[in-house]
Amino acid sequence: MGVQKNSIQPEDASSSDTDVSTDSSDSVSDTEDDTHSEEDEILKRIRKENEKQNNHPPSIEGTSFITDISFHPDQDILAVGNIEGDVTLFKYSNEGNIILDTLELHTEACRGIDFDLNGKRLFSISKDKCIMLSDVTGGKLFRFYDNAHDVPPYCIKSLDEHLFATGDDDGVVKLWDLRVNTDKSIFMLKKNEDYISDIVTNESLQYLLCASGDGCLTTIDLRQRQFFMQSEEQEEELTCLGLFRSETKVLAGSSKGKLLFFNWNEFGLHSDIFPTTKTAITCLVPITENIVVTGHEDGHLRAIHLFPHKHLGVVGQHTLSIENLDICNNGKFIASTSHNNDIKFWNISYFEEFEEVTHKRANKAKRKEEFNLPSSKRTNTADFFSDLR
C-alpha cells in the first residue's frame, strides 16, 4: 500500500455520527439520573486509564520492514514477519518484550503468517511462492510446500487442525489439507482478477469468504468444495474482512475508506455502507460484537460502533500508513504495524465496559460529555473527534 503523506479528513458526517452526546432535556427522570451516574463512573475509569503509563507492552522497533503479525491463540506470544523472509517470536508483557526465537524461513519477503488453532504450528507464505509450517516450540520446519502458487501468495488463513487456505496476487484461492501427503492443494478457484486481500470463515466452516482488489467478495462452499457466489463488483478494492453479530454479519473494508456490510448467506449484494474517512482502510479487527477498530493509510486507528453506525474516536496513531492489525488471546491488547517498521500495542480492555454503557444509553436523553479513548495520545477532548468531522 502507498504511504499517505498527509492526514485526510473523513467524509462528511453529521454531529450525530461523531459526537458522543447532544443536548439533553432539562428534566431528567430518576432512572436516567441513575444511568448517568453509572456512566460517570465508567467515564472516570476511562479517563483514569488514560493516565496510566504501563497499561500495555512497549513498542517494538523493527530493523526491516514488517510485513505481518499474528498473536498466539493461547500464550502471550506475538509472531512478526519481515521483508527479509524471517519470522521473530516475541514474548510480550507490560514490563517489556523478549525475543524467544527468530526463524529464518524464506529466501524472499515473508508476506503472511498465521498460527494454527492450538498455537503449536506457525504458517508462513512468501514472495518465493512457498508455504512453510514451523513448530512453535523449537522452531523446526514441520512441512514445506514448494511453488505452492504460480505467483506469490498474498494471504493465508488456518481453518481447523487440518485445513488452511491461501490467496495470491492473481486472484487464485487454494485450499490445503495436511492429511494429504502431497504438495498439491485439494481445491483451487480463480474467480477474481486481482489479488486476494483477506480470507475469513465461520466457526462451522460452512463458507470461505475471500476479499479481492478487484472489488468483489468471492464465497466458496467449503463442504461441497465448490464456488458458491460472488458479490457485485465495487469501484474500489476490498482490503480486509471481519465477522460480527455471532457471525451473522460480514464487514469488508475498502480502499476508499468505506465499510460494507453483508448479511450471512447473502453475499451477492451488501446490505449497507458506512463511510468512515476518505483514506483507505488497510485492515480491521473485531473488538466486540458491535465495535471494530480500523487501520488507515493516514496512520490512524479508529474505533467504530457498528449497530448503530457511529464513530467512537481515535484509538491510537502511527506517523505512516498502518499495514496490519491483530488482537491478542484475551482481547486486552491489539497490535498494529506501520511503514515505520514499528509495532505498537494498545490496551482496549475498556471497550467491554464502554459497550455496556452505550447499550444502557439507547433511547435515553444524551449529554454533553466527551472523553478520550485510553490508548490514544490525544489529551484534549475537543481534538478527540477532530479527525471525524
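**Exercise 1. Determine whether Lys129 is buried, partly exposed or exposed, and describe its place in the chain.**

Solution. Lys129 has a relative accessible area of 28% and is therefore partly exposed, in a model that is predicted. The class follows because partly exposed covers the range between the buried limit of under 20% and the exposed limit of over 50%. The next step is to place the residue, and Lys129 is found in the loop that runs between S7 and S8. Its backbone also deserves attention, since Lys129 is not a glycine and yet has a positive phi of about 75°.

**Exercise 2. Find what pairing joins strand S7 and strand S8, and set these two strands within their sheet.**

Solution. Strand S7 covers residues 121-126 and strand S8 covers residues 131-135, and the two pair in the antiparallel sense over five bridges. One position on this pairing is Leu122, which stands opposite Ser134 in S8. In general, the strands of a sheet pair through backbone hydrogen bonds, in either a parallel or an antiparallel way.

The wider setting is an open sheet of four strands in the order S6-S7-S8-S9, paired antiparallel. Strand S6 (110-115) and strand S9 (141-145) each have a single partner strand and stand at the edges, so one side of each is left without a neighbour in the sheet. Between neighbouring strands of this sheet the turn is 15° on average, with direction ignored.

**Exercise 3. Identify which residue forms a salt bridge with Asp135, and work out where the two partners lie.**

Solution. The partner of Asp135 is Arg121, with the closest N and O atoms 3.6 Å apart. Asp135 belongs to strand S8 and Arg121 to strand S7, and the pair links parts of the chain that are 14 residues apart. As for accessibility, Asp135 is partly exposed at 25%, and Arg121 is also partly exposed, with a relative accessible area of 25%.

**Exercise 4. Explain why the salt bridge of Arg111 with Asp169 ties together separate parts of the chain.**

Solution. Begin with the contact itself: Arg111 and Asp169 form a salt bridge whose closest N and O atoms are 2.9 Å apart. Arg111 sits in strand S6, whereas Asp169 sits in the loop between strand S11 (163-168) and strand S12 (172-177), so the bridge joins parts that are 58 residues apart in sequence. Arg111 is partly exposed, at 24% relative accessibility, and Asp169 is likewise partly exposed, at 25%.

A search of the whole structure finds five salt bridges. Another of them is formed by the side chains of Arg179 and Asp177, at 2.9 Å from N to O; here Asp177 is buried, with a relative accessible area of 8%.

**Exercise 5. Find which residues Tyr154 is in contact with, leaving aside its neighbours within four places in sequence.**

Solution. First locate the residue: Tyr154 lies in strand S10, which spans residues 153-158, and at 29% relative accessibility it counts as partly exposed. Its contacts, with those sequence neighbours left aside, are Arg111, Ile125, Gly167, Asp168, Asp169, Tyr195, Ile196 and Ser197. Both partners of the salt bridge between Arg111 and Asp169 thus appear in this list. A separate comparison takes C-alpha positions, where Tyr154 and Lys129 are 9.5 Å apart in space and 25 residues apart in sequence.

**Exercise 6. State where Asn147 is found, and what its phi angle and accessibility are.**

Solution. Asn147 is in the loop between S9 and S10. Its phi is near 50°, a positive value in a residue other than glycine. At 51% relative accessibility Asn147 counts as exposed, because the limit for that class is over 50%.

**Exercise 7. Find which residues touch the most other members of the largest nonpolar core, and which elements contribute to this core.**

Solution. The largest nonpolar core has 16 residues, and those touching the most other members are Ile287, Val293, Val315, Ile334 and Phe351. The elements giving two or more residues to this core are strand S22 (281-286), strand S23 (291-296), S24, S25 and strand S26 (322-327). Another core, of 15 residues, lies apart from it and includes Ala165, Leu175, Ile196 and Ile199.

**Exercise 8. Locate the proline that follows a cis peptide bond from Phe307.**

Solution. The peptide bond from Phe307 to Pro308 is cis, with omega near 5°. Pro308 has its place in the loop between strand S24 (300-305) and strand S25 (310-317).

Methods: Residues are numbered from 1 along each chain as its sequence is written. This is a predicted model: local features need pLDDT of at least 70, side-chain atom pairs count only at pLDDT 80 or more; totals for chains, interfaces and linings use all residues. Side-chain values use heavy atoms; hydrogens and water are left out. Two strands pair if DSSP finds at least two bridges between them. Axes are lines fitted to C-alpha atoms, for helices over the stretch in contact, and angles run from 0 to 180 degrees between N-to-C directions. Contact means heavy atoms within 4.5 Å. Buried means under 20% relative accessible area, exposed over 50%, partly exposed in between (1.4 Å probe, protein chains only). A nonpolar core is a set of buried Ala, Val, Leu, Ile, Met, Phe, Trp, Tyr and Cys residues joined through side-chain atoms within 4.5 Å. A salt bridge is a side-chain nitrogen of Lys or Arg within 4 Å of a carboxyl oxygen of Asp or Glu.
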